[in-house]
Each structure stands twice: as C-alpha cells, then as structure tokens.
Amino acid sequence: MTGRDKTDDKCGIIILAAGRSARLGSPKQLLPYADKNLLQHSIDVAVESSMKPIIVVLGSEIEEIERKIDNSEVIIAKNPDWESGMASSVVCGIKTLNKLHPDIESVVLMVCDQPFVNPGLLNDLVRKHMESGSSIVASSYENIMGTPALFHKKHFPELASLEGDTGAKSLFKKHAEILQTIPFEKGGIDIDTIEDYRILAK
C-alpha cells in the first residue's frame, strides 16, 4: 500500500522536529538529503501518504528552519518548551491536533531523522491498526520497537501527559499486551552524529 491509497480519513501525522541536534553542531532538520533537507524529505513523505492533517512541531532554530521548508501543506506547531525534552514536543503536537481537529481518530508520530521512512510504511501502520483492531502499532527494527508509530485517540490523554525525556515509546511497554508492529527494514538508521550523516551520505 503506497502513495495516497485509501486507509483512514481520520488519521493525522505529527512530525517531531523541535530538538537542537547538540551532537551535530547544526540543525539536523536542515542537513541536505535527496536534493532537499531531512525535514523537507519527511514532510514530503507524509504528504504523499493518505493521512491528514500533518503537524510539524518545531522549537530550536525555528525561524531558520521555517524559512527553509515548504509549509504549504502542513501545520507548524511551535513548542516553547522544547528544551525540556522530547515529551514536550509530543504534548505540543497532540494538543495542537486536538484543538484544530477534534474529530481525529488516530495519529502517527514520526521523527525527521529516519530518512528511510516512506509513504507505504506510514499507510501500513494504519492498515495494521484497522486489520488488527489494536490501538497502538509501532515500527519494528533491530530488535526494538520505535517510530513511526500509530496511536488511537484513546491514548491521547497519556501522550499529552508525558514529561521530560520520556517519549511515546513508554506506552509500548505500558500497553505491551495490545501492541502490534510492522517491520521497518532500515528503521535503525537515524542521524544523531556527524558520523551517522557521513555514512548516510555515502
């Protein structure tokens, strides 16, 4: 299932892209990739999926990043508390989604530094959710479960109450009995250091 195949009209996407990229020394969101930057690549993948709305959570270097992305098909959510950790960006995204689209049924959380995310993977999360009836579907790679991951709205209050560096992955363990997964072959490739980026560039 790829591109704009029919999945679920009530599923949105939140792209978490508010961090500082301290280990890189420059915003990872703007690293060149596939003739664009990493964040724009993630936005384009989300746009090509079947899901709307698409919310991009920004924080560090927000003015520079906003200038260098096409935000015509996304909603920018500004996270003033981004320095407090990943949880604040999840909270910001969920609150924005609830405010602007209270009828939404589920959401896919994704990050901007997994360059091998594709529209088919995002749509497969929704398909797995609909076929299994599970309210949480994660991507599986390198013996771990991670993003992108889908959460039904029943978990929005839990996501909106996360704190500090506790990300949405904490819900995987809490709800292990209902968790479903889909394989993501290159999900373990992300960009945290300049060496990670050099390997990707090759």
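**Strands, cores and cysteines: asking for the grounds**

Mentor: Strands β4 and β5 run parallel and are paired over four bridges. Ile55 faces Ile75 of β5.

Trainee: What kind of model is this, and how are residues numbered?

Mentor: It is a predicted model: local features need pLDDT of at least 70 and side-chain atom pairs count only at pLDDT 80 or more, while totals for chains, interfaces and linings use all residues. Residues are numbered from 1 along each chain as its sequence is written, and side-chain values use heavy atoms, with hydrogens and water left out.

Trainee: What makes β4 and β5 a pair?

Mentor: Two strands pair if DSSP finds at least two bridges between them. β4 and β5 have four, so the definition is met. The strands themselves are DSSP runs (E, at least two residues), and helices are runs too (H or I, at least four), numbered from the N terminus.

Trainee: Which strand joins β4 through five bridges?

Mentor: That is β1, and the two run parallel. Ile13 has Ile54 of β4 as its bridge partner.

Trainee: What is the order of the strands in the open sheet?

Mentor: Seven strands line up as β5-β4-β1-β6-β8-β7-β9, with mixed pairing.

Trainee: Why do β5 and β9 stand at the edges?

Mentor: Each has a single partner strand, so one side of each has no neighbour in the sheet. For β9 (180-183), pairing with β7 is parallel and covers four bridges. Val137 is matched there with Gln180.

Trainee: How much are neighbouring strands turned against each other?

Mentor: The average is 25°, direction ignored. The axes behind such angles are lines fitted to C-alpha atoms (for helices, over the stretch in contact), and angles run from 0 to 180 degrees between N-to-C directions.

Trainee: What makes β4 count as mostly covered?

Mentor: Five of its five residues are buried. Buried means under 20% relative accessible area, exposed means over 50%, and partly exposed is in between (1.4 Å probe, protein chains only). Ile54, Val56 and Leu58 point one way, Ile55 and Val57 the other.

Trainee: Why do side chains in a strand alternate between faces?

Mentor: That is the rule for a regular strand: side chains alternate between the two faces of the sheet.

Trainee: What makes a set of residues a nonpolar core?

Mentor: Its members are buried Ala, Val, Leu, Ile, Met, Phe, Trp, Tyr or Cys residues, joined through side-chain atoms within 4.5 Å. The largest such core here has 31 residues. Ile13, Ile15, Leu39, Ile43, Val108 and Leu122 have the most contacts inside it. Elements supplying at least two residues each include β1 (11-17), α1 (38-48) and β4 (54-58). The largest share, five residues, is from α1.

Trainee: Which residues does Ile43 touch?

Mentor: Ile15, Val56, Ile69, Asp70 and Val74, leaving aside residues up to four places away in sequence. Contact means heavy atoms within 4.5 Å. A second, separate core has 27 residues, among them Leu97, Ile136, Phe156 and Phe172.

Trainee: How does the 22 Å reach of helix α3 compare with what is expected?

Mentor: The expected span is 1.5 Å times one less than the number of residues. For the 15 residues of α3 (86-100) that gives 21 Å, and 22 Å is close to it. Buried residues of α3 include Ala87, Val91 and Leu97. Their cover includes β1, β4, β5 (75-78), β6 and α5 (156-159).

Trainee: How many disulfides does a search of the whole structure find?

Mentor: Zero. A disulfide needs two cysteine sulfur atoms within 2.5 Å. The sulfur of Cys11 is 18 Å from its closest cysteine sulfur, in Cys92, so that is too far for a bond. For Cys112 the closest is also in Cys92, at 15 Å, again too far. Cys11 is buried, at 0% relative accessible area, and Cys112 is buried at 3%.

Trainee: Is Asp35 buried or exposed?

Mentor: Exposed, because its relative accessibility is 85%. Its phi is near 65°, positive although it is not glycine. Asp35 sits in the loop between β2 (32-33) and β3 (36-37).

Trainee: Where is Glu61?

Mentor: In the loop between β4 and α2. Its phi is near 55°, another positive value outside glycine. At 44% relative accessible area, Glu61 is partly exposed.

Trainee: Which residues does the cis peptide bond with omega about 0° join?

Mentor: Lys52 and Pro53. Pro53 is in the loop between α1 and β4. Another cis bond joins Thr147 and Pro148, with omega about -5°. Pro148 lies in β8 (144-152).
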